[in-house]
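This report goes through selected side-chain and backbone features of a single chain, moving from its buried helix to its rings, cysteines and unusual backbone sites. The structure comes first, and the discussion follows.

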Amino acid sequence: MRPDGNPTRVFLAGDSSVCSREAGRAPMTGWGQTLPLFFTRDVEIVNCARAGASSRTFAERGRLAWILEHLRPGDYLVTSFGLIDHKPEKEWRTEAFHDYQRYLRYFVDGARDRGAHPVLVSPHERCTWDEHGNLRQVFGEYPMAMKELAAETSTPYLDLYAQSLEWWTQLGPEGTRALFMYLAPGVHPNYPEGIEDSTHLLPEGAVACARFVAHQLAVRRIVPAHWVTALDTPTFAPHAFGWLDDAEHAALTRARTRGAGETL
């Protein structure tokens, strides 16, 4: 809680692995959507993550500018990209040890220039396995590049990537699929024909990632430990996951930018 009685704000910048999802896409869930479950009322989570955003497009399309305009001294900016940055298409791609690091530095420097605290979080790995049952490491160089930048800039770095590799390997292919958007036909009304999505999480996977982020923030004293709560709560009721009304979600997406154009 700030001296003025208002909660400290934690802004989230990231891609679809982080963003809050609309009800029309449930049960798809970003870990940033479930992060409020682990914080007290001393903290307000402002999830600005955008599906389909790379570190570059998030900055170029005015979303970082919106966050920096609203940051107050003492706030936090938690940044997690890589899911889209690694794509081969030039409209999204960044090179891990070149422009990916350069754009991440904009988030770090922008937060510090405003008296806020930057934090970098690597992406979780996808649910992709080879024919021998070995987990494929799709994003490897991007977490390495983020870790290197964090060291160069003395920025707290939370290695969700390494944690996910450990989790997914322990769970194996079928156990990991239970955390991702693999739904048989008829299981959920939003996906009557079913879906097989190795990238996006179900609530159980999102909660696991958010729990890790909150725990790391507290145990490493990046945030005051008393801000973090419910780490030992095993499960949460579905209504706690906070899927937004589709129209509300669309309005927030349009509002949280200082850019212009249909691609925002």
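A residue is called buried when its relative accessible area is under 20%. The model discussed here is predicted, and the values below should be read with that in mind.

**A buried helix and a neighbouring arginine**

In helix H3, which spans residues 63–70, the buried residues are Arg63, Leu64, Trp66, Ile67 and Leu68. The elements that cover these buried residues include strand S1 (8–14), strand S2 (43–47) and strand S3 (76–80), together with the helices H2, H4 and H8. Two of the buried residues of H3, Arg63 and Trp66, are also in contact with Arg256, which, when its neighbours within four places in sequence are left aside, touches Val46, Asn47 and Cys48 as well. Arg256 itself is placed in the segment that follows helix H8 (246–255). Although Arg256 is buried, it has no salt bridge, and the nearest side chain of opposite charge, that of Glu44, is 6.2 Å away; a salt bridge would require a side-chain nitrogen within 4 Å of a carboxyl oxygen.

**Aromatic rings**

Across the whole structure, the search finds 11 aromatic pairs. Two of them, set out in the table, link distant parts of the chain.

| Pair | Centre to centre | Angle between planes | Geometry |
|---|---|---|---|
| Phe58 and Phe107 | 5.8 Å | 40 degrees | tilted |
| Tyr100 and Tyr142 | 5.0 Å | 80 degrees | edge-to-face |

Phe58 belongs to helix H2 (residues 55–60) and Phe107 to helix H4 (residues 96–113), so that this pair joins positions 49 residues apart, and both of its members are buried. Tyr100, in helix H4, is paired with Tyr142, in helix H5 (residues 141–153), across a separation of 42 residues. Tyr100 counts as buried because its relative accessibility is 0%, and Tyr142 is likewise buried, with a relative accessible area of 2%.

Elsewhere, Trp167, Trp168, Phe180 and Phe212 form one aromatic cluster. A ring also takes part in an arrangement with a charged side chain, as Arg177 lies over the face of Tyr182 at 3.9 Å from the ring centre.

**Cysteines**

Why does the search of the whole structure find 0 disulfides? For two of the cysteines the reason lies in distance, since a disulfide needs two sulfur atoms within 2.5 Å. The sulfur of Cys19 is 11 Å from the closest cysteine sulfur, that of Cys48, and is therefore too far away for a bond. The sulfur of Cys209 has its closest cysteine sulfur in Cys127, at 12 Å, which is again too far for a bond. Cys19 is buried, with a relative accessible area of 3%, and Cys209 counts as buried at 0% relative accessibility.

**Backbone sites**

A cis peptide bond, with omega of about 10 degrees, joins Ala26 and Pro27, and Pro27 is placed in the loop between S1 and helix H1 (31–34). Arg221, which is not a glycine, nevertheless has a positive phi of about 60 degrees; this residue lies in the loop between helix H7 (203–219) and H8, and it counts as exposed because its relative accessibility is 76%. Ala230, found in the loop between H7 and H8, also has a positive phi of about 60 degrees without being a glycine, and with a relative accessible area of 22% Ala230 is partly exposed.

Key. Residues are numbered from 1 along each chain as its sequence is written. This is a predicted model: local features need pLDDT of at least 70, side-chain atom pairs count only at pLDDT 80 or more; totals for chains, interfaces and linings use all residues. Side-chain values use heavy atoms; hydrogens and water are left out. Buried means under 20% relative accessible area, exposed over 50%, partly exposed in between (1.4 Å probe, protein chains only). Rings of Phe, Tyr and Trp (its six-membered ring) pair if their centres lie within 6.5 Å; planes under 30 degrees apart count as stacked, over 60 as edge-to-face and the rest as tilted. Helices (H or I, at least four residues) and strands (E, at least two) are DSSP runs, numbered from the N terminus. A charge sits over a ring if NZ of Lys or CZ of Arg is within 6 Å of the ring centre and within 35 degrees of the ring normal. Lys and Arg count as positive and Asp and Glu as negative; His and the chain ends are not counted. Contact means heavy atoms within 4.5 Å.
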